[in-house]
Amino acid sequence: MIPLSHYLIVSAVLFSIGTAGVFLRRNLITILLSIEIMLNAVNLSFVAFGRFAGDVDGQIITFFVMTVAAAEAAVGLALVIALFRHRESLNPDAFSSLKW
Amino acid sequence: MLALIPLFPFLGFVVNATMGRRLPKGVSGGLASLAMLASLAVSLITVLQLRGLSPDARAIEQTLYTWIASGDLNIGLSFRVDPLSAVMILVITGIGSLIHIYSTAYMHDEVDSEFARYFSYLNLFASFMLVLVLGANFPLMFVGWEGVGLCSYLLIGFWFKKKSANDAGKKAFIVNRVGDYAFILGMLAIFAKFGTLDFQAVASAVAAMPAETGFGILSLATLLLFIGATGKSAQIPLYTWLPDAMEGPTPVSALIHAATMVTAGVYMIGRNAVLFSHAPETLTIVAVIGALTALMAGTIGLVQNDIKRVLAYSTVSQLGYMFLAMGVGAFGAGIFHLYTHAFFKACLFLGSGAVIHALHGEQDIRNMGGLKKELPITYWTFLIGAIAIAGVFPLSGFFSKDEILFETFVEGHKLLWTVGALTALLTATYMFRLVFLTFHGERRHDAPAAADAHDAHGHASDDSHRHDAVSHGHGSGSHLHDAPPAMALALIVLAIGSVAAGWIGIPHAIGGHNELATWLEPSFSAPRVAGEAAVSEAAVEAGEAAEAERAALELTLMGVSLTIAVAGIAFAYFVWVKRRRIADNMVREFPGLHRLLLNKYYVDELYDATIVQPIKAASTEGLWRWFDVRVIDGAVNGAASIVDGSAGVLRRLQSGSVRAYAGSLFVGVVVILGYYLWR
C-alpha cells in the first residue's frame, strides 16, 4: 500500500506549482487556474488524511471545497470579464490605480 | 403663601417677556404694576400675620421642595420671613410698585416692544430681589443676589444702542463678579466650618461659640462675605460701577441703584448679624470701609455736574453710613437707615427723572436753574427729599442718621463719629447745591457741550422725542411740563414717606418708642432656646439709670447733627444762591483739588492702569498670542502634521500591484507557519 507521505508530497508539489503560477504568470485567467490547482492540492491531502484515518470527514470537506471553488471560479471569471471590459487587458499590473 | 410674593412679579416678567411686543403699552405697564401691587398685598398680609405672633416666635417658613441633596449638603428651596425680611419685602414691593407706576409715564416715549422689555426686566428684578431677602439659606440668597445683578446689567444697558450704556452695564457686571467670587468663597468657608448653609442653623451654631479673638475662620468667612457686599453695595474698593450705572433709565436708578439692590449687602450683614458680631475684626473693617466710603463719595458728590451722578455718589455715601452702622454693631440702625433711605433717595431720583423728562434729556445742572416755578410738584417733592437726606428734624433721614451716629459714638468709635458727622455736613451741602442749582436762580445754558457728550441721556437719540421738541420748542422761554399724573403720584407718596417713614423709629430720648428697633431685635440674635432665663429685675433697674445718661448724650448728639445739617444747608444757600462767585472763586483757588474731585480721585484711571490694562495685555500677549496661538493651535496643528508625516512614509507600502500584495501575504503565511512549526 502507498504510504501517506507519498500523497502528501504530491499534494505539496501541486500546491507549489499553483503558488508559482499565481506569482509568476501575468494573465488573470492563468492565475485563476493556478488557484484551482492549489485548491485541488489541498483536496488531495484532505482525502488522503481521511482515507488513512478511516472515516469520511475528509471527503465531506472536499465536497465543500469543490462547491466553494466552483462558486469562486464563477465570481472570479465574472470579475475578470468586468476588468477586461474596463481596461482591455488581463495583466494584473494594469490594475494599480488604487495606490498613492 | 410666601412663595406668592416673588411669584407675582415673576409671572409679570413671563407675560411681558413672551407676549410683550404684541401688547399695547397700557396693558404691559399695567400688568407689571399690578403684579407688584399683588405682591405688595401678599407682603402686607404676611407681615400682619407676623405681627400676630409673639416676638420670640416671629418667623414664618415655607419649604417648597429639597433643592440640593448631596451627602452632607441639604438645601431646601425655603423662604423665611422674619422681622428683618418683613421690612425688606415691604420696602421692595412698596417702593417697587410706586416706581413701576412712575415708569409707565417716564418710559412712555419708548416703542411698544421696548416698553414691554423694560417692564419685563423690572418685574424680573423685583422677583429676584424678593428671593434674595426671603431665601432661608445662603445658596437661595445667592440665586437672588446673582439674579438682581443680571437685571441690573440688563437695565443699565437698556438703551443698548448707546456705547456708554453698554460699557456701564458691563462694568457693573464685571465689578460685581469680583465681589460675587468672594461671596462664594465665604459660603464655602461657612459650609466647611458649620456643615450647613441655613441662616438659622449657622446663627445657632455661632451663638454657641465665644466671639473670635484675632483673625480666624469666622473672620475670614465674614470678610469674604463683606467683600461680596462691597461689590453689590458699591463700597470701597468696588464702588466704581454705581456712578456709571446712571446710564440706565432714571426709575431704574431709583429702584435698583438706590432703594433696593445696592442695599442687599447691608441686608446680608443684618441677616448674618450673629455671625458678624462673633468676628470683631471683620466688623472693624466694615465700619472703617463704610465711613471712608461715606466721606469719599460725599466729597466727590460736591463737585459733580450731572444731576444723577450727584445722587449716585450720594447713594454710595449713604450706603457707607449703613455699613458704618453694621460695623459698629448697630444692626437695627443700619436697617433703619436702609429703610428711610429707600424713601428719600427714590424720591430724589424720581424727582431728578421728572426734571430730565421735562427738559428732554438734559442732565447737566449747569444747564438748569429756575425750574422751581415751572415744575412745582417736582420742586416740592425734591426739596422734601433733600431735607430728609440732609437730616433735618423731624424728617425720616434725621432719625436714622442720628441713630447711626449715636450708636457709633456710644460704641466708642470717636474718630468714625467725626467722619460720619463730617459726611453729614457734606451731604447737606451737596444736596442743597443740587436743589439750588437745579430749581433756583435763572435758567442757564453755559455748560461746555463737548466735555459732557459722554453724559448725554439715551432718550435724546430717540425719534419719539423729536415731535415733542418741535411742538414745545426747546429754549428757556418755552413752557415746561411738570410731572404727569402717574409720576406725580409716585413723587408725592414718596415725599410723604420721606417725611413720615422715620416716625416708627423715634428714639426714647425724645419720647418715642423706637418700634422698629424692637421689631427687628429678634432677627439679630440667635434663635432662643425655650425656658432661657429672662433678664433679671436688678439688671433692668441698673439699665434705667444708664438709660437716662444715654438719653442726655443722645439729645446732645442730636443737637450736634441737627446743627450740622442746618449749617450745611445754610452754607449751600450762601455759596450757590447768595454769592455765586464764591463757588467759582473756590474752583479757581484750588484748581488741583477741584480737578481731583471732579475726576473722582482718579480711581477709575487707577483701576484701569493697574488692573484693566495689565489683564488686557496679559490676555492679548500671554493668553492669545502665546497660549492660544502657540500651545492650543500648536497642539492641534502638530497632531495633524505628525499624521501627515507618518502617512507619507506608510503610503509607500500601498503600491497598487496585486501580485506584490499576494507576495507579502504568502511571505506572511510562511513566516507564521514556520514560527509554529519550528519554535
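Guide: Two residues are in contact if their C-beta atoms, placed from the backbone, lie within 7 Å. Keep in mind that this is a predicted model.

Visitor: OK, so how many residues of chain A are in contact with chain B, and which class do most of them fall in: nonpolar, polar or charged?

Guide: Chain A brings 11 residues to the contact, and chain B answers with 10. On the chain A side, two are charged, three are polar and six are nonpolar.

Visitor: How do α17(B) and α18(B) run relative to each other, roughly parallel or roughly antiparallel?

Guide: Helix α17 (residues 396–410) of chain B packs on helix α18 (residues 414–439) of chain B with the axes 8 Å apart and an angle of about 160°. Angles over 145 degrees count as roughly antiparallel. So α17(B) is, relative to α18(B), roughly antiparallel.

Visitor: Where does P394(B), the proline after a cis peptide bond, sit?

Guide: The bond from F393(B) to P394(B) is cis, with omega near 0°. As for its place in the chain, P394(B) is in the loop between α16 (376–390) and α17 of chain B.

Visitor: Is E88(A) buried or exposed?

Guide: E88(A) has a positive phi, near 55°, and isn't a glycine. It follows α3 (57–87) of chain A. A residue counts as exposed with 12 or fewer other C-beta atoms within 10 Å. E88(A) has 8, so it is exposed.

Visitor: And K600(B), buried or exposed?

Guide: K600(B) also isn't a glycine, and its phi is positive at about 55°. The cut-off for buried is 20 or more other C-beta atoms within 10 Å. K600(B) has 20 such neighbours, so it counts as buried.

Conventions: Residues are numbered from 1 along each chain as its sequence is written. Chains are lettered from A and ligands numbered from 1 in the order in which they are written. This is a predicted model: local features need pLDDT of at least 70, side-chain atom pairs count only at pLDDT 80 or more; totals for chains, interfaces and linings use all residues. Ala, Val, Leu, Ile, Met, Phe, Trp, Tyr, Cys and Pro count as nonpolar, Asp, Glu, Lys and Arg as charged, and the others, Gly among them, as polar. Axes are lines fitted to C-alpha atoms, for helices over the stretch in contact, and angles run from 0 to 180 degrees between N-to-C directions. Helices (H or I, at least four residues) and strands (E, at least two) are DSSP runs, numbered from the N terminus. Angles under 35 degrees count as roughly parallel, over 145 as roughly antiparallel, 65 to 115 as roughly perpendicular and the rest as oblique.
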